[in-house]
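Reader: I'm new to this one and would like a close look at a single part. Could you pick one strand and walk me through its surroundings?

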Amino acid sequence: MIASKHILGTFDEALASLRNNVLMMAGLTERSLERAIKGLHERDDNLCVTAIADDEEIDQLEKQIDKDGVDVLLRFQPVASDLRRVISAMKVSPNIERVGDQATNIARRARKLNRHPPLPEIDIIVPIHTHAMSMFKDSIDAFAREDADLAREVVARDTALDKMNKMANRQLTQCMADDHTALRGYLNLIFVSRCLERVGDHATNIAEDAVYVAAAEDIRHLTVSALT
Amino acid sequence: MGNLVMTPPEGTVMERVEQQVERPPAAEALPAFTFQVKNLSVWYGAKRAIENVTMDIVSNAVTAIIGPSGCGKSTFLRALNRMHELVSRTRLDGKILLHGDDLYASSIDPAIIRRRVGMIFQKSNPFPTMSIGENVVVGLRLNGVRDRKFLNERLEKSLRMAALWDEVKDDLDKPGTSLSGGQQQRLCIARALAVEPEVVLMDEPCSALDPIATAKIEELITELKSKYTIVTVTHNMQQAGRISDYTAFFYLGRLIEFGPTTKIFTNPSERQTEDYITGRFG
């Protein structure tokens, strides 16, 4: 997305390294989230443990991005779109890290669920996962390609995810009322749904930063109608 | 054991914060303009250095002019007090109004204009044969002021405004050239302020100074804008970002973009501005 070369080649290298680390962090987080959900559906503890272990690398990348970002600000004092690129990389990485935390949380809940007989209501999670994952992937795409239109679309999709989560809560609460023997299992599914809803919130934050990079607009705390 | 129960302070947090915060007076809705430049073009012989520039310079604010070497920024600055006329074969087209007065009207004396619009140059230039004190009041003396008490008062006032008084008050009889580079530059600022101009123009005032002397001049510029309109040319992007309220970007004699500094340095409208300030030029 960076059109022409900087007169300092070292600046281009530093900025590219910063952005590559963000994208690598996003890739690892996406894989961790997939592993956690797969571990949940396939009742595979090993996958869950791997997802939990992935988090350390993601955390380290977050610290590296902060360090590199401060370094770029200090050495090159970037302005305009370059400044927005550095600032947004430093703002996006904590949100990716929090998505990684949600993957860990899901993996932990999955391990608890795996100790008990399977619950058919686990299917309630499938569309929520699909929706949250597409929001996360698209938010990262929008950030990488500096695509403000895609980013705005991601932000608008969060309302649907919130509704799906509420609906799941209602269904699972009813299950708890109907079947007292699997209270813990249903509670864990409620938590998983909640974690995915939070993934959507972080994707929204990332998308908002993507709009800031691409269009220098701050769209945080706007209503959906004001966005469109 | 002492009494560990603490009494909560009275009032809400917001109320207590409000009591401690000093709020600046509300800004005026519409800025007043010191200069109104209309369709300005300047030629050196056959070469056009400035091409059809139109911009309004806001009063009591710092306007930074940036651009690559040879883009016309110094010529533009010099046109604001007719200093460019000191170069032979110059020609000017368009209008510059200073508080509504046409700078180039035939009835206007350039010397009067240069008194109303002071100028600081890249290299400090105190008069080498004069003392520090004489350097400051030389403009007033040339204008026929002889009252010693008045001159002394103006000397102290100008040196104080230039943040130099405390450093030189005991050495006013020493040569101006005995001061350090940063002090000499502030002496030149004091000399410009002594004739009480309306505007101070600065042509890369810090480019020959070390970081500490630069910081002092920058701080001074920020303080002076409450009394003067300041237009400064700088090659230092960070300096423009720090000290100016408005920034104008010139390229090849044309004004490419002009606006609030925050806007120019975070989200410029023109691609050429973006390329120049981010270091992707050419």
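Author: Let's start with a term we'll need: a crossover is right-handed if, with the strands pointing away from you, the path from the first strand over the helix to the second runs clockwise. Keep in mind, too, that this is a predicted model.

The part to look at is strand 8 of chain B, residues 229–233. The term above applies right here, since strand 7 of chain B, helix 8 (residues 211–224) of chain B and strand 8 of chain B make up a right-handed β-α-β unit.

How covered is the strand? A residue is buried if 20 or more other C-beta atoms lie within 10 Å of its own. In strand 8 of chain B, 5 of the 5 residues are buried, so the rest of the structure largely encloses it. You can check that on both faces: B:T229, B:V231 and B:V233 sit on one side, B:I230 and B:T232 on the other, and all are buried.

Now for the neighbours. Strand 7 of chain B, residues 199–203, pairs with strand 8 of chain B in the parallel sense, over 5 bridges. Within that pairing, B:M202 stands opposite B:T232. Strand 3 of chain B, residues 62–66, also runs parallel to strand 8 of chain B, and 4 bridges join them. Here B:V62 has B:I230 as its bridge partner, while B:A64 stands opposite B:T232. That gives B:T232 a partner in strand 7, B:M202, and another in strand 3, B:A64.

Follow strand 3 of chain B a little further. It is mostly covered, with 5 of its 5 residues buried. B:V62, B:A64 and B:I66 point one way, B:T63 and B:I65 point the other, and all are buried. Strand 3 of chain B also pairs in the parallel sense with strand 9 of chain B, residues 246–251, over 4 bridges. In that pairing, B:A64 stands opposite B:T247. So to trace a path by eye, go from B:M202 to B:T232, on to B:A64, and then to B:T247.

Stepping back, chain B has 11 helices and 10 strands, and buried residues make up 40% of its 282 residues. Of the contacts in chain B with a separation of 6 or more, 68% are between residues 24 or more positions apart. The C-alpha atoms of the chain fill a box of roughly 90 × 55 × 35 Å along the principal axes.

As for confidence, chain B averages a pLDDT of 91, and 95% of the residues score at least 70. The model as a whole scores ipTM 0.76 and pTM 0.82. Where pLDDT is low, don't read the predicted coordinates in detail.

Technical notes. Residues numbered from 1 in each chain as written. Chains lettered and ligands numbered in written order. Predicted model: local features only at pLDDT ≥ 70, side-chain atom pairs only at ≥ 80, totals over all residues. Buried ≥ 20, exposed ≤ 12 C-beta atoms within 10 Å, placed from the backbone. Helix = DSSP H or I, 4+ residues; strand = E, 2+ residues; numbered from the N terminus. Pairing = 2+ DSSP bridges. Contact = placed C-beta atoms within 7 Å. pLDDT = per-residue confidence, 0-100.
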